[in-house]
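Trainee: I have just opened this model and would love some help finding my way around. Could we look at it together?

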Amino acid sequence: MAACIGTWPFSLEAVETAKGKLLHDETALQAVEYAVSLVEDDIETGRHFVGRGGAPNMSGVLQCDAAIMNGFDLSFGAVAALEGVATPIRLASRVMTKSNHSFLVGDGAKQFAIDECFSIEPPERLLPKAAAATSLPHMKVVRCDDLSSNFDRPHDTIGLIALDRLQNIAAGVSTSGLSNKFPGRVGDSPLPGCGLYADNLAGAACATGDGDEIMKFCPSVRTVDLMRHGAEPYDACRQVVREIRSRIGDRKMFEIGIIAMDMKGRYGAAGSVKANQSYPGFPFCVWTEGQKTPQILCAEPTNL
């Protein structure tokens, strides 16, 4: 059975793309890398703080983070504070398969991209509307009554999980991070166990939201561990959010969304995202084999 799940409604195109790859018997890893790279390279999805056209740092420079993990052998590749590369998920994959390392950052990641013959693009090609992007308030909400037609709320991560017909699972994430961030800032997204985790013995999970807070709790590996011990994905996601809320209290609770999928293709999601005029909770996209098209669903806020 093949299946795919992504964070936020803007992942709909990625889920649809991954679906096509999986139905043509490509691997989960191939599906994740290709689908996320299409979102990264589309300047229209940059407003969601991903890839080309994403949110620059306080110096007006686009620095991107991305990671990919293979549940088959736990291989992992990541890049952070990467400049000049429009598709950082592809470079993260190359780190995983073509280097002796798992994580490269800053100038080192850029040099590796050059060594691997990636095109290094000038800032004006990656941020043609840099001035406008810099002025965007982080997490701006634009009214949208129909989730399926458009979802214009900027976010800072695409997370994607794919399960292929050979029962291998993979996860990938990509982000340009917090708008107006300090140069070199890295959030949870590319950190294994925080922004993503995948293991064929249990399943996979991705997290999105306030990365500076999320990384304190390693929610992705915690979610996978709960599935490893028998929890269904929905229950595992909710338990992790509850554990965080219990630890810090409602007053300090930050924005987080978690998606998960087990090795049977069952999926789940949970978050602290509050219902408002734009959405009734944490929205995500999902497709399982047998469905004609992906769906946009929403997880209501998880409380204690």
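Mentor: Happily; this is a predicted model, and we will go through its sheet and some of its helices.

Trainee: Which strands are the edge strands of the open sheet?

Mentor: Start with the order of the 8 strands, S4-S3-S2-S6-S5-S1-S11-S12, where the pairing is mixed. An edge strand pairs on one side only. That gives S4 and strand S12 (295-299).

Trainee: In S3, what is the bridge partner of Ala66?

Mentor: Strand S2 (residues 64-70) pairs with S3 in the antiparallel sense, over 5 bridges. Follow Ala66 across to S3 and you arrive at its bridge partner, Val79.

Trainee: What angle does the direction of H2 make with that of S5?

Mentor: H2 packs on the sheet, where it touches S2, S5 and strand S6 (169-175). Compared with the direction of S5, that of H2 is turned by about 155°.

Trainee: Why are the buried residues of H4 on the same side?

Mentor: In helix H4 (residues 106-115), the buried ones are Gly106, Ala109, Phe112 and Ala113. They sit on the same side of H4 because the arc they cover around the axis is only 125°. Asp107 and Asp115 are exposed on the other side. So the value to remember is that arc of only 125°.

Trainee: And what do the buried residues of H4 pack against?

Mentor: Two strands and a helix are on the list, and one of them, S4, is an edge strand of the sheet. The buried residues of H4 pack against helix H3 (88-98), strand S3 (76-82) and strand S4 (103-105).

Key:
Residues numbered from 1 in each chain as written. Predicted model: local features only at pLDDT ≥ 70, side-chain atom pairs only at ≥ 80, totals over all residues. Heavy atoms only, no water. Buried < 20%, exposed > 50% of the residue type's maximum accessible area, 1.4 Å probe, protein only. Helix = DSSP H or I, 4+ residues; strand = E, 2+ residues; numbered from the N terminus. Arc of directions from axis to C-beta. Contact = heavy atoms within 4.5 Å. Pairing = 2+ DSSP bridges. Axes fitted to C-alpha atoms, helices over the stretch in contact; angles between N-to-C directions.
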